[in-house]
Structure formats: structure tokens, C-alpha cells
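Here's a quick tour of a protein model, put together for someone just starting out. Have the structure open and follow along as we go from topic to topic.

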Amino acid sequence: MDKIKILWADDEIDLLKPQLLFLEKKGYDVLTVSNGYDALEECEEHNDIDVVFLDESMPGITGLETLAKIKEKSPHLPVVMITKNEAENVMEEALGQQISDYLIKPVNPNQILLTLKKIIDNKRLVKERTTSDYQQEFRQILTEINNGLGFREWGEIYKKIISWELKLDASNTTEMSETISMQKAEANNTFSKFIDKNYLNWVNEVGEAPVLSNNLMRRKIFPEMASGKPTVMLLLDNLRFDQWKILEPIITELYRVEEEDFFYSILPTSTQYSRNSIFSGLMPSEIAKKFPDWWKNDIDEGGKNLHEEDFLEEQVNRTFRKPISFAYTKVTNMYHAKKMNDNILNYLNNDLTVIVYNFIDMLSHARTEMEVLKELAGDETAYRSLTKSWFLHSTLWEALQRIAERDIQLIITTDHGTIRVKTPSKVVGDRETTTNLRYKCGKNLNYDKRDVLEVRDPKKAFLPRPNVSSTFIFAKEDKYFLYPNNYNYYNNYYRNTFQHGGISLEEMICPIIKLSSKG
């Protein structure tokens, strides 16, 4: 391996012989100059310099002026500023020009070595430590997964797996990606059995149950309104916990996280069922019975989520004794986004503002249809990256920045998540069988029972029954349903696409984050 080459510019370079000798003994190649002009000349002549140590006070041109010229030609070359001057404006100017570190004279050899480790070896050291730490915790997570977890513990173990997934991503530890994927698959296998055993008890209120879609507003949103502050509920369709963690560093520049919690989406984990349930405060069969003109089954023509505002108004009136002012807006295109942004400050005159933002859902569906997006979001890491890139440049983030200076509380949540499907499962049904890849409702369905949670009596799961003999099945883990016709074509078409409607940690365990504005 080639030696690390350091360029050290200091007008008192002769006084630094002990430090230079120390670095040479440690295996570094040190090139020295006594002024900024020579430093710039050496940078021009040598394209193999790995790091520059730059004295701030030198004759001719100053360290800051030299720094600016170095960054102009080589913006990614690490520069360490060394100075006797502790003035705040000097530090700020150096930091503004993106120095890699800042040392105050006299510098001792160990300080220099630590700086070099941070700059040159940081990625390698982080990668090695992350790999080592995950390997140590791998067995503990595996033990917990197979230790009879309850719904709270499943939420925590899912968050822990995501945390490691993101750490391994950040450290570019690609050799561990298969291991974390296998562990998540094992977790989803056991989680599916857990849901199979407990879900019907939850919805029928037998024993202890998590917060579900139908009581999310009642248990997690409405109680927060007692503070008297304007409450903004942002529902990002399809937002998974890992996507929230990617957006968190951006959002927390302006907002403070007061509580990070989760709820369980009802089945099917699809917008038609889960989001209507959230805003109505009812289970799907209860909605169909109470509001037959507003509910549509899968096989019915027309939009399935056209009455969310009506459902929300009815639930607000049903819940509060005194009048509550609220605003509801749904963003599905750029026109809606601009209108939302234009009105965002006016919305704060209400007790509750609900914003439904559909971009992530459109992204996952578009990825299935568009080859270019399949390339851009080819795996979990890329999917998260695309979500972050969208958010940073979105009208939504612009709107959140506008209201950040107001004394508000912001609640970010979703209706369900999504999973990357990999394993096909054959299903046979008639023409009226639903088309969703992660759940099916139909008569005389033929399927592999090992791959599904079956609900032969939909009313037990509080689901509408389009026909007397209708059965619901929900895909477990990373399965996706295919018909025998054109099986190979559709198998290749849908494999590795992001789908929802079934049973997985990613689809069912949903983030709900309470934040307050720092402003």
C-alpha cells in the first residue's frame, strides 16, 4: 500500500522537526513548505497529496487565502488549519471553507495522529467497528426474535434491525448486507406467525392489543390537542420506519422529537382499508355498514379514498363535545402541493390540520411501472436515498420550514408501509378476485396455505364481505401472489418491486412521531 502523503505549510517549519520525525516513523510521507505560494505550487505539481496541514499565519498570502485557492482547484482535498489565533471569526471562516479539522498551536504528535486517523482512516475504522458490533449483537437479536415477543417488543426489535441496517449502509459495509437481509427475513418469518396467532384477537378486543389504524386518531392524535397549540398531522402514505429515520436528521434541524412511537396497520395494509380506518375511527366492515354510500369494495368501480375528509369530520364530531376547527388537504400532484404550501400558515388558525401526502406511495407504484425508477431504486438503500432526495427538494419540506417558527406540534405518521417482494406464490381465483399482489379477496380461492393468513369469515376480521362465500388471504413475509397464466413473465416483472397489503414488519409496524417546533 502507498504511503499517505502530507503537505505541511508553515513559516516556522524548522521548529516542527519533532512532529515531522514522529510522522515519518509512523509511515507517513511528509512534504514541507514555508509559505502559501509554495503550498499552491506543490498542490499543482503533485496530484497524490492526501491531506494538507496549513498554518493560518504565513507571510505573503495567509492560510485562509491559501485554503480558498486550494479548495478552488481541489474541493475534496482534506485541509487541516493550524493556528495560534483562537478568534471566533477566523474559525468560522475556515469552517465555512470546509476544512476537515482545526488545531491550535502548539500541536503535539498525538493530536496530529488523531486528526489523520479521523480524516484518512475514519471510513475504514467505522466500517470495521460497525461490522464487529453487529456481529456481536446478531446472536442477541436472533435470540430475541425466537423468544416469544409481544407486540411492543416486536416494534422495538424491528427498530433495532433498521438501526443496524442504516449503520451498515452508512459505513458502506456491503459484505454484511446479506447477513442483515437474512436476519430481517428470519424476523419476518416469526413475525408472520405472531400475527397469524394474535391479529383476530386484537381486532375483536380480546386481551391486550396495540394501537391499530381504527383507534390511532383517538389514542395518539386527539389527546395531543389538549395542549392548545395548533396540531399539524402529516400522513405520508407508505412511509416506513427506515424512511422516517432517513428523514429525521433533516426534520430535526427545525423540529425537536418529543416522542417516537409506532402503531400497527390493520389488514389489508393498503390505503383503501388502513387510511379510511384511520380517519373514520372504524374498522372497514363498520364503515361499510354505517356509510354504505362512502365505502367501495375492491371490485367496485370508482375511487376508494374519496371521503377521507368526511370520515375525519364525522369522527371529530363524534369525539369532541365542543366544536373543533380542522383543515384537511390531500396532495397528489404539484398543483395540490403548491396550494398546500400557499395556505400552510392559514391552516394554523385551526386546532387540527391534516395533510395527506401521496408521493412515497406514487414512488413505489411508479417504480413497478418505470424501468428508470427500477434502476434508481434497485434495492432498499437506493429506495431510502430516493426518498431523502425527494424530501429535500419537495414543496412539503418548504412548507414545514415556513411553519417551523410558529409554536406548533407536528405529528408525522403513515397509513401502512411497503415491502420488497421476492418470492412468488401461486393463487387461482375467478374473474372477480381482487388484483392486489399482497392480498386477495374472492370466491373459491386456491392457494398454498403455508404462504398466507387466511380469513374464511371476513366479519371476524371486521372486513366487508362482497359475496357470501368471499375469503380473504394475506401474503406473509416477502411473498407475492401470481396467477398460473403468464406466470414467468409476471414473476420477473414484479420480483423486487415494493408492494403492500400483506403481513410484514415493514408494512404493519408504522411510525408515529410527535415533534415540536424549535422556533
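Let's start with an open sheet of 3 strands, set out in the order 14-12-17 with mixed pairing. Strand 14 (446–447) and strand 17 are its edge strands, and each of them pairs on one side only. Keep in mind that this is a predicted model.

**The three-stranded sheet and the pocket beside these elements**

- Strand 12 and strand 14 run antiparallel, and 2 bridges join them.
- If you want a spot to look at, find V428: its bridge partner in strand 14 is N446.
- Which elements give two or more residues to the lining of the second largest pocket? The lining in question is made up of 15 residues, and K440, L482, Y483, N485 and Y490 are the ones nearest the pocket's centre. The elements that give two or more residues to it are strand 12 (423–428), strand 17 (479–482) and helix 19 (487–494).
- The space in this second largest pocket comes to about 310 Å³.
- Sorted by class, its lining has 9 nonpolar, 4 polar and 2 charged residues.

**The loop between strand 16 and strand 17**

- K476 sits in the loop between strand 16 (471–475) and strand 17.
- Is K476 buried or exposed? Its relative accessibility is 10%, so K476 counts as buried, the cut-off for buried being under 20%.
- The side chain of K476 makes a polar contact of 2.8 Å with the side chain of D196.
- Leaving out residues up to four places away in sequence, K476 touches S192, D196, R438, R450, D451, V452, L453 and I503.
- E477 is found in this loop between strand 16 and strand 17 too.
- The phi of E477 is near 55°, which is a positive value in a residue other than glycine.
- E477 is buried as well, because its relative accessible area is 16% and buried means under 20%.

**Another positive phi**

- Over at N496, phi is positive at about 70°, although N496 is not a glycine.
- You'll find N496 in the loop between helix 19 and strand 18 (498–499).
- How does N496 fare for exposure? With a relative accessible area of 27%, N496 is partly exposed, since that label covers values between the 20% limit for buried and the 50% limit for exposed.

**Strand 6, covered on both faces**

- Why is strand 6 (residues 231–236) described as largely enclosed by the rest of the structure? It's because 6 of its 6 residues are buried.
- Look at the two faces in turn: T231, M233 and L235 are on one side, V232, L234 and L236 are on the other, and all are buried, so both faces are covered.
- Strand 6 runs parallel to strand 9 (residues 352–357), and 6 bridges join the two.
- In that pairing, L234 stands opposite I355 of strand 9.
- Strand 6 also runs parallel to strand 10 (residues 409–413), this time with 5 bridges between them.
- Here M233 is the residue to find, as it stands opposite I411 in strand 10.

**Strand 1 and its partner**

- Strand 1 (residues 5–9) is mostly covered, with 5 of its 5 residues buried.
- K5, L7 and A9 point one way from strand 1, I6 and W8 point the other way, and all are buried.
- Strand 1 is joined to strand 2 (residues 29–33) by 5 bridges, and the two run parallel.
- One of the residues to follow across is A9, whose bridge partner in strand 2 is V33.

**Two cis peptide bonds**

- Going from K105 to P106, the peptide bond is cis, and its omega is near -5°.
- P106 is placed in the loop between strand 5 (101–104) and helix 5 (109–120).
- L267 and P268 are also joined by a cis peptide bond, with omega about -5°.
- P268 has its place in the loop between strand 7 (255–264) and helix 11 (271–280).

Notes. Residues are numbered from 1 along each chain as its sequence is written. This is a predicted model: local features need pLDDT of at least 70, side-chain atom pairs count only at pLDDT 80 or more; totals for chains, interfaces and linings use all residues. Side-chain values use heavy atoms; hydrogens and water are left out. Buried means under 20% relative accessible area, exposed over 50%, partly exposed in between (1.4 Å probe, protein chains only). Helices (H or I, at least four residues) and strands (E, at least two) are DSSP runs, numbered from the N terminus. Two strands pair if DSSP finds at least two bridges between them. On a 1 Å grid over the protein atoms alone, a cavity is a set of points where a 1.4 Å probe fits but cannot get out, and a pocket is an open set with protein on both sides within 12 Å along at least five of seven lines; lining residues have an atom within 4 Å of a point. Grid points are joined across faces, edges and corners, and a volume is the space filled by probe spheres set on the points. Ala, Val, Leu, Ile, Met, Phe, Trp, Tyr, Cys and Pro count as nonpolar, Asp, Glu, Lys and Arg as charged, and the others, Gly among them, as polar. A polar contact is a pair of N or O atoms within 3.5 Å; within protein, one must be able to donate a hydrogen and the other to accept it, and residues adjacent in sequence count only if both atoms are side-chain atoms. Contact means heavy atoms within 4.5 Å.
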